[in-house]
Every structure is written in C-alpha cells, then in structure tokens.
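The following account leads the reader through a single protein chain, moving from one residue at its surface to its interior. Please keep the sequence and the structure in view while reading.

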Amino acid sequence: DSSNPVGLALDIRAGATVLTDPGNHMLQSTSAARPLLSARVNLLTKTEDFSNAAWFPNSSGTYTITTNTTLAPDGTMTADTYTAGGTGLPWMAQVIVTKVVPYTFSVYAKLISGDPSLTLRLNSVESATATLTPTDWTRVSVTAVGISGTDQVMLMVPNNSVFAIWGAQANIGHTALPYQPILTDGSSYSSTGFPIAQL
C-alpha cells in the first residue's frame with residue numbers, strides 16, 4: 001500500500017510453511033510458480049508470418065510468400081518460402097519505433113534456388129549480405145544505430161531467387177539475442193530464457 005513503499009514477497013507454493021521453507025522467496029523452483037510473462041525483447045511482430053500485412057513490400061519489386069512450407073530451425077513446419085520476381089528490387093520491410101541506440105536485426109534463412117545472396121538492412125544505411133546454402137539455416141544479422149522516431153528493417157533478395165525464411169527479430173544492442181517469437185500482437189513471451197522483468 002502507499003504507506004509501505006517496500007513490499008514483502010511471500011512463498012506461495014502449495015503446502016509451503018515457515019518450517020519447510022523459511023524466509024521470503026521472490027523466485028520459485030517450479031515452472032508453475034514462475035511469472036507467466038517475461039520482458040519483450042523482439043521489437044517486431046508476426047515474426048514467423050511474412051505474408052502478414054505487418055511486412056510491407058517495395059512497390060518497385062515483386063515477390064510471393066508461401067507460408068508454413070519448410071521445416072524451421074526449431075523443428076516445426078513454420079518457415080515460409082520467399083520467391084522473388086524477375087523485375088525491380090524485391091524487398092519487404094517492417095517499421096519499428098527506435099531511439100538513438102544500437103539495434104540488431106536478424107532472420108534465419110537458407111537458399112532454395114537462384115542467387116545465394118541475402119541482404120538485411122537497418123536504418124536505411126547499414127546492411128549485411130550473407131551467402132547462403134541450400135542445406136543449412138543461417139542466422140543473418142545487421143547492427144546499426146537507430147534514429148529518434150521510427151525506422152525500418154528490410155529483407156532483400158536477388159531477382160528470380162527463392163529462400164526459406166523464419167524467425168525475424170529486431171532487438172536493442174550490438175548482437176542478435178536468442179530468438180523470441182512474436183506471433184500475434186498480444187503474444188505471451190516465454191517465462192524461461194529471457195529476463196523475467198525489466199524495471
């Protein structure tokens with residue numbers, strides 16, 4: 001309450017008593033007692049559905065996305081096929097809100113056919129290009145300092161090329177953090193593997 005600025009965290013596990021578990025405990029050893037939500041790390045949305053309107057295309061290039069066609073790095077059939085057309089500059093982008101701090105944009109990809117060069121761009125100026133193979137998933141990433149306001153992350157493929165893509169992420173910092181799926185606007189985040197809270 002307002003008259004007590006410091007709260008008391010009590011052990012609420014079923015059957016716990018001061019004799020079996022003396023003291024006050026902030027974290028629990030059982031998954032059922034962990035927080036349901038963890039801090040959001042990934043700033044993107046629809047990170048495994050590149051056909052969603054959250055990913056908008058460059059009007060001068062053409063491509064098609066076929067969803068859930070390929071086995072993803074996590075073993076699920078959730079990776080999409082990105083088929084680039086033969087004209088213009090085929091790329092897709094998503095807008096994120098940024099500050100003047102470093103951001104890293106990453107995506108898992110592998111070549112299916114065509115030119116093996118996949119390019120990621122952040123802040124419209126910093127880009128990274130990877131040469132991919134048909135057999136291995138590669139996590140491609142690029143880091144740049146954001147601008148104050150909104151920015152774009154962009155995924156570009158060569159004309160007449162086909163890639164499998166999955167697990168897009170934009171996070172604050174100089175490195176790509178462990179992938180955190182954001183499947184819907186109201187996603188629940190894993191209660192393990194990420195910070196439990198950010199104060």
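**From a surface loop to the interior**

Val-125 is found in the loop that runs between β6 (117-122) and β7 (126-131). The model shown here is a predicted one. Val-125 counts as exposed because its relative accessibility is 61%, and the cut-off for that class is over 50%. The C-alpha atom of Val-125 is separated by 10.0 Å from that of Val-145, a residue 20 positions away along the chain.

The chain as a whole may now be considered. Its secondary structure consists of 10 strands and zero helices, so that the pattern read along the sequence is β-β-β-β-β-β-β-β-β-β. The protein chain has 199 residues, of which 39% are buried. Its accessible surface comes to about 10600 Å², and carbon and sulfur atoms account for 58% of that area. Among the contacts with a separation of 6 or more, 70% are between residues 24 or more positions apart.

What does the interior contain? The largest nonpolar core has 30 residues, and those that touch the most other members are Tyr-82, Met-92, Phe-105, Leu-118 and Ile-165. Strand β5 (residues 102-113) supplies the largest share of this core, namely five residues. Another core lies apart from it and is made up of five residues, including Ala-72, Ala-79, Trp-166 and Tyr-179.

Aromatic rings deserve separate attention. The structure holds six aromatic pairs. One of them joins Phe-56 and Trp-91 in an edge-to-face arrangement, with 6.5 Å from centre to centre and 75 degrees between the planes. Phe-56 belongs to strand β1 (residues 56-57) and Trp-91 to strand β4 (residues 91-98), so this pair ties together parts of the chain that are 35 residues apart in sequence. The two partners fall into separate classes of exposure: Phe-56 is partly exposed, at a relative accessible area of 28%, whereas Trp-91 counts as buried because its relative accessibility is 12%, which is under the cut-off of 20%.

Tyr-108 and Tyr-179 also form an edge-to-face pair, with centres 6.4 Å apart and planes at 80 degrees. This pair likewise links distant parts of the chain, since Tyr-108 is in strand β5 and Tyr-179 is in the segment after β10, 71 residues apart. Both tyrosines, Tyr-108 and Tyr-179, are buried. Together with Trp-166, Tyr-108 and Tyr-179 form one aromatic cluster. Trp-166 and Tyr-179 have already appeared above as members of the five-residue core.

The last stop is Gln-169, which is placed in strand β10 (residues 162-172). Is Gln-169 buried or exposed? Gln-169 is buried, because its relative accessible area is 0%. Which backbone oxygen does the side chain of Gln-169 reach? The side chain of Gln-169 reaches the backbone oxygen of Leu-177, at 3.2 Å. When neighbours within four places in sequence are left aside, the residues in contact with Gln-169 include Val-41, Asn-42 and Leu-44, as well as Thr-104, Phe-105 and Ser-106. Arg-139 is also among these contacts, as are Leu-177, Pro-178, Tyr-179 and Gln-180. Two of these residues are familiar from the earlier paragraphs: Phe-105 belongs to the largest nonpolar core, and Tyr-179 takes part in the aromatic cluster with Tyr-108 and Trp-166.

Definitions and conventions: Residues numbered from 1 in each chain as written. Heavy atoms only, no water. Helix = DSSP H or I, 4+ residues; strand = E, 2+ residues; numbered from the N terminus. Buried < 20%, exposed > 50% of the residue type's maximum accessible area, 1.4 Å probe, protein only. Polar contact = N/O pair within 3.5 Å; in protein donor to acceptor, adjacent residues only side chain to side chain. Contact = heavy atoms within 4.5 Å. Core = buried A, V, L, I, M, F, W, Y, C linked by side-chain atoms within 4.5 Å. Phe/Tyr/Trp six-rings, centres within 6.5 Å; stacked < 30°, edge-to-face > 60°. Areas by Shrake-Rupley, 256 points an atom, 1.4 Å probe, with all protein chains shown as cover.
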